[in-house]
Amino acid sequence: MGFHRHLPTRRELLAGSGALFAWSQMPRIARAEGRDPRLLVIILRGALDGLGAVAPVGDPDWIGLRGDRALLLDGKPPALPLDSFFALNPAMPNLHRLYKSGKAAIVHAAATPYRERSHFDGQDVLESGFTRPGATASGWLNRALLAMESGGRVDPRGSRALGIGSVTPLVVRGAAPVMTWVPQRILPASEDTQNRLLDLYQHTDPKLATVLQARMKLASLDGPRGTGDPMSDDPTLAPPGIARVRAYFTEAAGTAARYLAKPDGPRVGAMGFVGWDTHIAEGAASGQLYNLLGALDGAFAAIESNMGEVWHETVVAVVTEFGRTARINGTQGTDHGTGTVAFLIGGGLAGGRVIADWPGLKPAQLLDDRDLKPTTDLRAVLKGLLRDHLRIEEKILADTVFPDSAEIKPVGGLVG
Amino acid sequence: MSNSAKAEAVLALQRFGMGPRPGSIAAMGSDPRGALIAELDRPLALAEAASLPSSAKAFRTVADANARRTARVKQAQQQAKKQQMAAAAPAMSEDQAQGQVQDKDAAETAARQAADAVPDPGRPMYLQEAKLRTEAALAAEIGFAERLVWFWSNHFCISANKIQSMSGAYEREAVRANALGRFVDLLLAVEGHPAMLFYLDNLESMGANSIAGINRSRGLNENIAREIMELHTLGVRTGYTQDDVISFANVMTGWTLVPPGADPQHGGEFTFNPRLHEPGGQTVLGKRYEQEDAEQGRAVLRDLAAHPATSTHVATKLARHFVADEPPPALVEHLARTFRDTEGDLKQVAIAMVSSDEAWRGPPSKLKRPGEWVVGMVRATGITQVDPVLYTGGQQLLGEPLWRPSAPKGYPDDEASWIDGVGRRLDVANNFAEHITGMADPQVIIEDVFASQIAPEVKQAVGRAESRQQALALLFMSVDFQRR
């Protein structure tokens, strides 16, 4: 990794930050083609109920399966029609608008290769890109970034990934450096203190030095900005009401978009949203799932708006570790399942369709007579995006990004 | 005291305790291992806990406030509606229609004010519990026992986002009371605690053939059964199946709490409700359980506690937390064997850990989690009291909000999960340093509190700092405070 070799001496640092960050102005992904694509990955942690988000209203067994919990075109509120078969949860008017204008696509009955029902193993497979949990400590997005670097088409120092939140999502962890952003609430240490600490770390702990330097780089992109009172009256301390969840989703996604939109900013990013583990009172039409999907829909709007002029070069992939049981459980919720949906949005997308090889909802058509049967491998979709949007070679995708996936062919035509 | 003895005392305080505080190295004497073990004989209960409500009382208080709030809101809305009706004229002009909209806003404002008049008592309870817990960590001579409480609390975590009122009391009643006892007693206490049953959705889970299940079109919830096997006992991928999860979920039906409104004396306490319980025997991991009531669940939990997979799972997590992200396999095996040989005596397992050379040999490469780091920083200054609003706010900023993990797995214990947040720690260290510049001297911390067992580069950077605040911030951020 070239990163360490470029660490400046303390003298250079103190001479001014100009030298330190000059390389962030260098050309980046696919510039030669006149393109500068952005990719943001959002992980919905806890397992999204795909059937509660995008309902197969044209399936004759749908109402029988979910009863009065089924989203319907004439429900209260009515589900939003996508095509003759599927309808979208009414909490998502932004996604519906994007879909209608061809800037969103939905993948249904999709799943990773993971077939057990542990959240944590499921997220590990989803984010690592391996076929089994616990196989590696790096994520597929980070390895994709390394592949682009080794292809020589990109400046490795200018293409770093962005992670949002205090715990970096596994999907962006790995050998390529990651910048992270968490909501800013107290005044940061002075630049001088940061520089001195960096110098100290360089002499005692290279790993901490790398982390601190990535953070300083990110701060320099953002420029100086005013922050609120130090640690006082923090509204995030109380248990999250839905308004606070909405605000957090919007702030986190909107900030990611702001960084990705910058000419000298990162080009890929990842974040996770929690709360989708709806074992009790799922409330797809009017309760907790409806509210969460509404918050996610607000995040989509923030991304579109903050991407601004580069929206047309943007793709956002929204994925979850697995789905939930097809039937409602004993407490008006759903338990851990398998097949579910993925949302793809962005100005760079060739959307306006639901991509699904529909398995059906009769008992014999369900996986283990309980879960929506997966018919699309999520890796095929992600490989299609990485190949056609970020221009990563298929062989690299099959060998290192999603190892042992040669037989999973990328889905073509996702990007316009 | 020789330099190597001082170094071992610092390592003992860092790796197994809450970090050095004024006088603690001298108090360790020449036998740090013996001092760690001796601490386990002191009482672990919080002396001040008598002033705190039990979990059931806390739950009733919050339920009562919620009921009063709902009633007040309803009353305010009705009153506003009445006034609106009285004001409405028979023929309505546009102005009057506008007036009605304002009335509607007024009704909403009245409702909001009525709601605000009954604040949530769960929040002050959470803060008071946080204060006592943190001050116990600051006051402990070494803090080995407190670290074990923190470890088990995270292993058997609940979330205050879901059940704030009980979050602190749960730790005291179920975890702290059993952290140095037998694992099976700890397990029975946490899984039977109302906070856990609430957190893992078991309160309304009912068997399909139970009385309530037949009368109502509701039923089973698998959550608690899966997480007990996956996270609390056996560990993931240890051979249990989906059928085992369902059978165990059936076993656990009926484990619930007394509704707070129904019983002013016992509301919020654990109860076994036979009306929810799936009748008949169940097969879990190949063994048949024919018991009729809560004994069925206790029998399964006792067998899970004694299962060999549980000993390995627990030993691995303990060694990973205290010693290294990739702990020495010999240490893990030693702890697992001790666990099995002593029938899960957690005190003996803790003693086995600090008595094993493997636990001491590795370099101090483990990155402290945010909570440990903050307490270590505050201890070094000699401060023993905290403002719980600031403290819990700081934990939130650092990504480890107290008793609020985002999932039942608890907070992770590996460097990769936390290292990107180190930049964030600088802001907190800087802020703390600013507040204490008048009362903390970095040279005293280095020479007295740490007995000069600090890297020479750090001493140099601290010595050259341009201000005392900067010196303190650099010291708190140094490898000597971040790693153990």
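The paragraphs below lead through a strand of chain A and then through several helices and a loop of chain B, in a model that is predicted.

In chain A, the starting point is strand β5, which spans residues 104-111. Eight of the eight residues of β5(A) are buried, so this strand is largely enclosed by the rest of the structure. Its pairing can be followed through three partner strands, beginning with β10(A), residues 340-345, to which β5(A) is joined in the antiparallel sense over five bridges; within this pairing, Ala104(A) lies opposite Ile345(A). With β11(A), residues 353-355, strand β5(A) runs parallel and shares three bridges, and here Val107(A) is the residue that stands opposite Ile355(A). A parallel arrangement also relates β5(A) to β12(A), residues 376-377, through two bridges, with Ala110(A) facing Thr376(A) across the pair.

Turning to chain B, helix α8, made up of residues 167-175, is mostly covered, since eight of its nine residues are buried. The buried residues of α8(B) are Ser167(B), Gly168(B), Ala169(B), Tyr170(B), Glu171(B), Arg172(B), Ala174(B) and Val175(B). The elements that cover them include, from the same chain B, α4 (55-87), α6 (122-139) and α7 (144-155), together with α9 (183-191) and α10 (194-199).

Further along chain B, the loop between α11 (211-215) and α12 holds Arg216(B). This residue counts as partly exposed because its relative accessibility is 44%, a value that falls between the limits of 20% for buried and 50% for exposed. The C-alpha atom of Arg216(B) is 9.7 Å from that of Met206(B), a residue ten positions away along the chain.

Beyond this loop comes the packing of two helices in chain B. Two packed helices are described by the angle between their axes and by the distance between those axes. For α12(B), residues 223-232, and α13(B), residues 242-252, the angle is about 115° and the axes are 8 Å apart, while the crossing of α12(B) past α13(B) is right-handed. On the side of α12(B), the residues that meet the other helix are Ile224(B), Ala225(B), Arg226(B), Ile228(B) and Met229(B), and on the side of α13(B) they are Gln242(B), Asp244(B), Val245(B), Phe248(B), Ala249(B) and Met252(B). Sorted by class, this contact comprises eight nonpolar residues, one polar residue and two charged residues.

Definitions and conventions. Residues are numbered from 1 along each chain as its sequence is written. Chains are lettered from A and ligands numbered from 1 in the order in which they are written. This is a predicted model: local features need pLDDT of at least 70, side-chain atom pairs count only at pLDDT 80 or more; totals for chains, interfaces and linings use all residues. Side-chain values use heavy atoms; hydrogens and water are left out. Axes are lines fitted to C-alpha atoms, for helices over the stretch in contact, and angles run from 0 to 180 degrees between N-to-C directions. Helices (H or I, at least four residues) and strands (E, at least two) are DSSP runs, numbered from the N terminus. A crossing is left-handed if the near helix is turned anticlockwise from the far one by less than a right angle, and right-handed if clockwise. Contact means heavy atoms within 4.5 Å. Ala, Val, Leu, Ile, Met, Phe, Trp, Tyr, Cys and Pro count as nonpolar, Asp, Glu, Lys and Arg as charged, and the others, Gly among them, as polar. Buried means under 20% relative accessible area, exposed over 50%, partly exposed in between (1.4 Å probe, protein chains only). Two strands pair if DSSP finds at least two bridges between them.
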